[in-house]
Amino acid sequence: MKPHQNVGRKTARGAAMMAGASVVGKVIAGRSQIALAFLLFPDEFGLVALAFTVIGFTRAIEMLGLREILVREQGNLDRWINSAMWVGGAMGLVGMACTVALAPVASHFFDEPRLWPLILLLAPSSPMLSLAQICESRLERDMQFGKLTTVHIGVITVQSSTQVILALFGFGAYSFVLARTFVCLVRLIYVWGLVRPKVRWSPQFHRWGSLLKRGLPVAAAAICSTIMDNADYVILGIVTTKVAVGYYFFAYMQSMQFVQIFNNTLSRARMPGLSTTRDEPERMTHAYLGGIRTLGGIITPLCFIQAACSEPLLRALFGAKWEAADPLLQILSLSVISFILFW
């Protein structure tokens, strides 16, 4: 078998495994979201949305494309992973410090004193998530999709279960942030044990410049993406009530279900395969466009079905509690089709 055919089969097999994991994960997360929608109130969802908005901006600081660089390096990954771990850890600490600094500012900006403790509790997740993603780059490079699938399902299961348990014990909006920080710690410990990266005491500062320079375009794209993803929450947080933000956050989470299943996680399988063809731009472009067409053909009708069924489903599950979110869910279900091309 030709090498590129073997890579293609591994990529297809990996895509199928990640798609299956995404479906399982969304079933688990979906049941958790239904439980949380029963247990929590719209204003608590609104607080969580604003807290995640702040952490989203600080996360953009850390997204230097280290995972993408390491996957693309293929055979040279071991040479760079020590430096990447030090850079990722340092930028994660910078992100955590920025989050802590922004907590009182955001609380004052949105005129919401309940917000800053939520943001502070999210801050420690930054360095842990950065290091975990760098560890996972080795699994992606080696196309170990079975292990990536285990990590994906495990993260969703632990986070969803923790959120519901905390909500049952009356933690309210804190259920989301405490569960996120906890699962970031569990994820880092688990993938570190799987990969056992060769991290030395020497930070290899002479390589930091190269990593930062190569990651700058990815960081710039991440900042632009973060602004687009969170501008709506910032504007709503200023001009409307936290209840309205909560309705919007709830509708947005539900509208993204199909796109995230087939697009967000499948990129983890596609990127290693495309990286092997970086010296064959015509073939890589053909594979990329083929993936776009396939995703569009799958996701577009599902989004239309979701928009059509949202009203009776919300009413059957929650009665009138989330009725105000239905028009938002219908509009967002159709608008997220554009995310196929964007991502």
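What percentage of the 343 residues in the chain is buried? Buried residues, those under 20% relative accessible area (exposed being over 50% and partly exposed in between, with a 1.4 Å probe and protein chains only), make up 49% of the chain. This is a predicted model, in which local features need pLDDT of at least 70 and side-chain atom pairs count only at pLDDT 80 or more, while totals for chains, interfaces and linings use all residues. Residues are numbered from 1 along each chain as its sequence is written, and side-chain values use heavy atoms, with hydrogens and water left out.

**View 1. The chain has 15 helices and 0 strands.** Helices (H or I, at least four residues) and strands (E, at least two) are DSSP runs numbered from the N terminus.

**View 2. Arg 114 and Asp 43 form a salt bridge (3.4 Å, N to O).** Arg 114 lies in the loop between helix 4 (77-109) and helix 5, and Asp 43 in helix 2 (residues 42-62), so the pair ties together parts 71 residues apart in sequence. A salt bridge is a side-chain nitrogen of Lys or Arg within 4 Å of a carboxyl oxygen of Asp or Glu. Both partners are partly exposed, Arg 114 at 39% relative accessible area and Asp 43 at 21%. Together with Glu 112, these residues are linked in a network of salt bridges.

**View 3. Arg 315 meets Glu 311 in a salt bridge (3.1 Å, N to O) and Glu 323 in another (2.8 Å, N to O).** Arg 315 and Glu 311 are 4 residues apart in helix 13 (residues 281-318), and are therefore separated by about one helical turn. Glu 323 is partly exposed, at 41% relative accessibility.
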